[in-house]
Amino acid sequence: MNRRSVIAALTSLFIVIPTVFAVEVKPPEPFGALPTEQHLAWHELEYYGFIHFTINTFTDREWGGGDESPALFNPTEMDAEQWARVAKESGMQALILTAKHHDGFCLWPSQYTGHSVKNCPWKNGKGDVVKDVSEACRKYGLKFGAYLSPWDRNHSEYARPDYVEYYRNQTRELMTGYGEVFETWYDGANGGSGYYGGARENRRIDRNTYYDWPNTWKLVRELQPGCIRFSDAGPDIRWVGNERGFGYDPNWATFNCEGRWPGVTVRESLWHGDKGGTHWVPAEVDVSIRPGWFWHESQNEKVKTLEQLLDIYYASVGLGCNLLLNVPPDRRGLFHEIDVERLGELGHVLQRTFKTDLAKGKSATADNVRGAADCFGPQLLTDGDRNTYWAANNDVRQATLEVDFGEPVEFDRVRLQEYIQLGQRVESFEIEARVDGNWQQIGKGATIGPRRILRTPRVRADRLRVKLTSCLACPTLSAIEVYSSPK
Ligand code: FUL
């Protein structure tokens, strides 16, 4: 054996030995109910718009009776592209349109009813608001969703079996005629009285059984595989339980679906989710930028202020919910100037706040690293990638993570994220900052889940600590991010 082949043999031994003896460190076992691919994509949307627009806009009402003439629907400067452009500039990622509200008027020319845009003066009955909005969304890179009210105060067969068939036919039209639909929206309202094809009476339904929801939801999933279905009871996401624009802490994405239907649910479970619940059904927060869902001239001066909108943002998106902010177009078919200005201000502040993550690339340490392996190491918390994660050993229920900025950094926002692909685990945490050599608590909370953004006091700190004080299983965390809001 010459010298060269001895070196070659030794070299290959050095390569082979560590490979043979290296113990592969496995990721934590998934814990509890888990999100689907559709959920993961939906969580990333964070903030999007709701559009309430129909005959009510022209009658100054919130709930139409179902007896309104379609001739009332006549926007004079209808421009769905303005809605999409303003939404985009405000930081929204999608729009959900009331394709049909409780009065039954359809914003698209459904072949199953005459109570629609087909019989209105706008565009001589040749218009289609659903088409305009879905196309405007595509043009501006927004996702498109639809609200199809189950309660229909116009339809003669409402509360009878034929209406369920009608509702499914309309679902089919919306799910096949307008490209990709990211979310369908079902509310739980069923007020009883209505026009009902001229009967003008009270009609009651059994909310548990009448709509046969499982089959409608199955149809939606078949026609739109990526679509998320919203209601008081899931099946994919849940109502947060108030219309004032805030989520709750704790906020579990897990939820018990059994026996719950739109309009039949448990408030506490909507607010907080069910810890250890059977399904992944995270909360969506719906709120209007004005007091009403529809546009009313008398509410032009009551558009929420920038401060109110920021409070809503942090109380919804900041608590791990998605925010569905309603902006009702006016009788021209445009977002009103005051709403446009407010949305612009909100977009500007959010964009400036979250532009630079001050923790990105900074060194991070943890008091426990799963199998002492780099692939679960704390550096993954600050690598700017929300899909990599730090994880702890199986028996760990408390952990401390520390970011070293290297020099004092000024900030007032901290954003945390669990690696929810493996389930939601953290049930309490605290945040501390080292200011002039002294540690001080700047925030705390219960759950983290898909996202938690804390507004902290503005500090100049050279280190940040996240203490996970209680976890349901060994914790994971995919991001610690730090921001400074514009002063
Ligand atoms: C409720 C409806 O009754 C309101 O009119 C509005 O559409 C709101 C978003 O959902 O259930």
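## Two domains and a ligand site

In this predicted model, 17 residue pairs make polar contact across the interface of domain 1 and domain 2, counting pairs with both residues at pLDDT 80 or more. On the domain 1 side, helix 2 (37-43) and helix 9 (306-316) each bring at least two residues to the surface that touches domain 2. Helix 9 is the top contributor there, with four residues. Sort the residues on that side of domain 1 by type and you get eleven nonpolar, seven polar and four charged.

Now for the charged pairs. Five salt bridges turn up across the interface of domain 1 and domain 2. As for a salt bridge with its partners named, the side chains of arginine 415 and glutamate 46 meet at 2.9 Å, N to O.

Let's step back to the overall layout. The protein chain splits into domain 1, covering 37-353, and domain 2, covering 363-483. Their centres, taken over C-alpha atoms, sit 35 Å apart. Where the two domains touch, domain 1 puts in 22 residues and domain 2 puts in 19.

How much area is buried between domain 1 and domain 2? It comes to about 1700 Å², and carbon and sulfur atoms give 55% of that. Three aromatic names are worth finding on screen: Trp252, Trp280 and Tyr314 supply 31% of the area that domain 1 buries against domain 2, more than any other three residues.

On to the ligand. Which residues surround the ligand? The list runs Phe50, His52, Trp63, His101, His102, Tyr147, Trp185, Asp187, Ala189, Glu243, Asp286 and Trp293. Among them, Trp63, His101 and His102 each have a side-chain N or O atom paired with a ligand oxygen. Here are the distances:

| Side chain | Partner | Distance |
|---|---|---|
| Tryptophan 63 | ligand oxygen | 3.1 Å |
| Histidine 101 | ligand oxygen | 2.9 Å |
| Histidine 102 | ligand oxygen | 2.8 Å |

Finally, a few backbone details to look at while you have the structure open. Glycine 234 and proline 235 are joined by a cis peptide bond, with omega at about 15°. Proline 235 belongs to the loop between strand 7 (228-231) and strand 8 (237-239).

Carry on past strand 8 and you come to another cis peptide bond, this one between aspartate 249 and proline 250, with omega at about 5°. Proline 250 is in the loop that runs between strand 8 and strand 9 (254-255).

Which residue has a positive phi although it is not a glycine? That is aspartate 60, with phi at about 65°. You'll find aspartate 60 in the loop between helix 3 (56-59) and helix 4 (80-89).

How values were computed:
Residues are numbered from 1 along each chain as its sequence is written. This is a predicted model: local features need pLDDT of at least 70, side-chain atom pairs count only at pLDDT 80 or more; totals for chains, interfaces and linings use all residues. Side-chain values use heavy atoms; hydrogens and water are left out. Domain bounds come from an automatic or database domain assignment. Contact means heavy atoms within 4.5 Å. Buried area is the accessible area (1.4 Å probe) that two parts lose on being put together, summed over both. A salt bridge is a side-chain nitrogen of Lys or Arg within 4 Å of a carboxyl oxygen of Asp or Glu. A polar contact is a pair of N or O atoms within 3.5 Å; within protein, one must be able to donate a hydrogen and the other to accept it, and residues adjacent in sequence count only if both atoms are side-chain atoms. Ala, Val, Leu, Ile, Met, Phe, Trp, Tyr, Cys and Pro count as nonpolar, Asp, Glu, Lys and Arg as charged, and the others, Gly among them, as polar. A residue is near a molecule or strand if one of its heavy atoms lies within 4 Å of it.
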